[in-house]
Amino acid sequence: MSAAAAENRATNAWDALASVEDPEIPNLSIVDLGLIRGVELRADGTLEVALSPTYVGCPATDVIRRSVELALAAAGVGAFAVTSVLSPAWSSDWITAEGRRKLEIQGIVPPIETASSMRDLLRHHQPVGCPRCRSIDTECISEFGSTPCKALHRCRACLEPFEYFKCI
Amino acid sequence: MSASIAGPDAQALLRYVLRLGDMSLVLGQRLGEWVGHAPALEEDLGLANIALDMIGQARLLLTYAGEVEARGRTEDDFAFLREHGEYLNAVLAEQPNGDFGQTIVRQVLIDAFQLELYERMAASTDQRLAAIAAKSAKEVRYHLRYSGGWLVRLGDGTEESHARVQSALHTLWPYTVELFAEDELDRAMADRGVAPRLPDVKIAWDRRIDELLAEATLARPQDRPYSWFGKRGQHSEHLGYLLAEMQHLQRAHPGARW
């Protein structure tokens, strides 16, 4: 296979992956979330797509994997293999600028810190701004929301609840 | 990867990985019992999410155990087809939920243990364990933030809530001794750089727990001599009931799938 053809397959794969949405956060693709660790052509011609799980117990992980396989098959990228990459562990730092923008559109506040600044998570509480009225007079109701990746917050100024995408 | 390990080394690693995986699995099952019963929707979600993380850790660890053993057992075989005495979790994990306060106390004690253990194990010479530990440590920080936050609210709350969590602490404290009771296997794993040294984990755990207890205005109970050894398969009767419920479907309908 020529280098151009290989390049073409990888580009098609990336396009297909960009169409796979997170099952819990529609509109947000798995590429936006930074779940794809790489797309590489193996010597035997198999296109290897490396995927990071977000949380170890997240039920969406299996759904995402199946959606990836379906999307790659539909895009006709040829023989492919989807592998799971545990290390380095997925971090919310890998969410793209586009991903953060899409989270905001849905009223989910993207992480306000980086994982490295979270070392002392237990003592450290930065105020999370309300996505509706922008007040920083907010409180955390629970560290866990409708999915493991989000926490529940409430704005004391406008009284609306909102979700925060946790920094991990 | 540990594909090159064989013989007694593989046996020891298998038992050690089962200790870790069984603690996560059993605690995950316990937390799952709260689904639909927690005091508020937020806590239902919180406990269920922590349960999911625990099951996720267990899946990674029990799958690895199967690879180390190399006899074709899967994560499901380990979870659903082992007996009471083959489970190697510390007895603390299988203790009943009690009231919400007792569940929170059990969670704080184990979260702090897992956090200090996994943060150190991220540097394990066993690459697979290092990866699982690094991934899990990130999540356990949120577990402890949740459980620790509740411990402080309940301990430094009303007279009733204070009395209940203090009593739960007295009930569960004796089981914490086992977490740090270093045996031959713990030492062998530490010597090989697979696991951190338990006395080091204990020092860090003590510091964290003492800080939390002080903030929660709770008194630390005295350590007492301890006779259970879940890490060697000697369990309290509670585990039998837990397994009966968890394993019932696979025992009644072997190989059943969704």
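How many residues does the contact take from chain B, and how many from chain A? The views below take that up, along with a pair of helices inside chain B.

**View 1. Here is where chain B touches chain A in this predicted model.** Chain B brings 24 residues to the contact, and chain A brings 18 residues. On the chain B side, helix H2 (41-69) and helix H5 (127-155) each chip in with at least two residues. H5(B) gives the most to that side, with 13 residues. Sort the chain B residues that touch chain A by kind and you get 11 nonpolar, 6 polar and 7 charged.

**View 2. Now we look at helix H4 (residues 100-121) and helix H6 (residues 159-180), both of chain B.** Their axes come within 8 Å and cross at roughly 40°. That angle is why H4(B) counts as oblique to H6(B). As for handedness, the crossing of H4(B) and H6(B) is right-handed.

**View 3. Zooming in, these are the residues that make the contact of H4(B) with H6(B).** From H4(B), look for Gly101(B), Gln102(B), Ile104(B), Val105(B), Arg106(B), Leu109(B) and Phe113(B). Across from them, H6(B) offers residues including Ser161(B), Arg164(B), Val165(B), Ala168(B), Leu172(B) and Leu179(B). Taken together, the residues of this helix contact split into 9 nonpolar, 5 polar and 2 charged.

**View 4. Last, a word on how confident the prediction is.** Chain B has a mean pLDDT of 95, and 98% of its residues reach 70 or more. The model scores ipTM 0.85 and pTM 0.92.

Note on methods: Residues are numbered from 1 along each chain as its sequence is written. Chains are lettered from A and ligands numbered from 1 in the order in which they are written. This is a predicted model: local features need pLDDT of at least 70, side-chain atom pairs count only at pLDDT 80 or more; totals for chains, interfaces and linings use all residues. pLDDT is the predictor's confidence in each residue, from 0 to 100. Axes are lines fitted to C-alpha atoms, for helices over the stretch in contact, and angles run from 0 to 180 degrees between N-to-C directions. Helices (H or I, at least four residues) and strands (E, at least two) are DSSP runs, numbered from the N terminus. Angles under 35 degrees count as roughly parallel, over 145 as roughly antiparallel, 65 to 115 as roughly perpendicular and the rest as oblique. A crossing is left-handed if the near helix is turned anticlockwise from the far one by less than a right angle, and right-handed if clockwise. Two residues are in contact if their C-beta atoms, placed from the backbone, lie within 7 Å. Ala, Val, Leu, Ile, Met, Phe, Trp, Tyr, Cys and Pro count as nonpolar, Asp, Glu, Lys and Arg as charged, and the others, Gly among them, as polar.
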